[in-house]
Amino acid sequence: MKKQLHFIILILCLSGLCNCKSNSVTQFAKGGESSMNTITRIKCKTDNCYLISEGRNAILVDTGSSQSLDMVIAECDKYDLKLIVLTHVHFDHAENAAELSRRYGVPVAFHKADEELFESFDRQPLKCYGLTGRLVLGLSLKVLRETKVERPANIIYVKDGDSLSEYGINAKIVELPGHTNGSIGVDVEEKHLLVGDALDNWVFPGMGHLYYNLEDIKKSYDKIKGLGSRTLYFGHGKPVKQ
Ligand SMILES: [Zn+2]
Ligand SMILES: [Zn+2]
């Protein structure tokens with residue numbers, strides 16, 4: 001058991017080192033005849049934010065924690081930011097939302113079922129499965145509990161099927177509950193799916209290791225599989241093609 005745990009720690013450290021070697025910003029789906037949008041991965045401390053852009057227009061999906069604020073601003077400054085979307089309201093995805101919303105004068109979109117997480121993380125406490133889950137939760141639980149996420153003043157509630165075309169991006173909201181009740185993804189041109197923490201890729205891609213509702217996250221996993229071929233962009237880990 002102890003040996004297994006050491007092995008998992010080693011793998012996570014190595015994957016962290018590999019990620020550090022690559023640039024902190026990576027672009028995918030650069031235009032082309034079949035894809036108009038560009039997806040830029042901003043690799044923050046332990047999580048990813050993404051800019052979905054078409055020309056100058058851009059939407060920021062997740063905002064990182066406060067330690068990553070400057071890096072996220074440096075990328076957003078290159079675009080005319082129209083909207084911020086939160087895949088869910090945990091600090092590592094949402095801590096900079098209020099600050100960035102003020103800075104760029106744009107609304108923050110998220111699912112209403114995550115509203116209560118601005119009050120307290122403990123409204124939807126996380127459980128986990130597997131050794132990776134136990135390790136990640138063990139390392140992050142204290143900071144998840146203690147970091148209060150500021151609620152932005154300018155908000156929009158979004159739900160399944162909502163289009164983001166009015167913000168200049170051909171993408172739709174996909175509800176993916178389970179990690180939190182209000183977890184959502186963003187489906188870009190039915191080719192690229194940003195999944196937040198519904199799936200993760202800490203070591204291998206798969207169902208999110210941390211969840212509030214196990215039945216829901218299993219259904220979300222099946223829902224993603226049912227969407228068909230997509231490149232998957234995780235809240236944690238490198239993108240993969242499904
Ligand atoms: Zn989370
Ligand atoms: Zn996360």
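These legends accompany several close-up views of a predicted model.

**View 1. Confidence along the chain.** Let's start with how far the predictor trusts its own work. The average pLDDT over the chain is 90, and 88% of the residues score at least 70. Residues 7-11 are one place to be careful: pLDDT stays under 50 there, and the model gives this stretch five contacts beyond four places in sequence. Residues 13-23 also have a pLDDT below 50, with two contacts in the model beyond near neighbours in sequence.

**View 2. An open sheet of seven strands.** Going across the sheet, the strands come in the order E1-E2-E3-E4-E5-E6-E8, and their pairing is mixed. Strand E1 (25-28) and strand E8 (155-157) each have a single partner strand and stand at the edges, so one side of each has no neighbour in the sheet. On average, neighbouring strands of this sheet are turned by 25° against each other, direction ignored.

**View 3. Strands E5 and E6 side by side.** Here we zoom in on one pairing within the sheet. Strand E5 (residues 80-85) and strand E6 (residues 108-110) run parallel and are joined by two bridges. If you would like a residue pair to look for, Val85 stands opposite Ala109 in E6.

**View 4. Helices H2 and H4 across the strands.** Two helices can be picked out in this view. Helix H2 (residues 69-76) lies across E1, strand E2 (38-43), strand E3 (48-54), strand E4 (57-61) and E5. The direction of H2 is at about 160° to E2. Helix H4 (residues 97-104) lies across E4, E5 and E6, and runs at about 155° to E5.

**View 5. The two sides of helix H6.** Helix H6 (residues 214-226) has 13 residues, and the distance from its first C-alpha to its last is 18 Å, close to the 18 Å expected at 1.5 Å a residue. Which residues of H6 are buried? They are Ile217, Ser220 and Ile224. These residues lie on the same side of H6, because they cover an arc of only 55° around the axis. Turn to the other side of H6 and you will find Glu215, Asp222, Lys225 and Gly226, which are exposed.

**View 6. What covers H6, and what follows the helix.** The cover over the buried residues of H6 includes strand E11 (192-196), strand E12 (199-200), strand E13 (206-207) and strand E14 (210-211). For those who like to check backbone torsions, Gly228, just after H6, takes a positive phi of about 90°.

Conventions. Residues numbered from 1 in each chain as written. Chains lettered and ligands numbered in written order. Predicted model: local features only at pLDDT ≥ 70, side-chain atom pairs only at ≥ 80, totals over all residues. Pairing = 2+ DSSP bridges. Helix = DSSP H or I, 4+ residues; strand = E, 2+ residues; numbered from the N terminus. Axes fitted to C-alpha atoms, helices over the stretch in contact; angles between N-to-C directions. Contact = placed C-beta atoms within 7 Å. pLDDT = per-residue confidence, 0-100. Expected span 1.5 Å × (residues − 1). Buried ≥ 20, exposed ≤ 12 C-beta atoms within 10 Å, placed from the backbone. Arc of directions from axis to C-beta.
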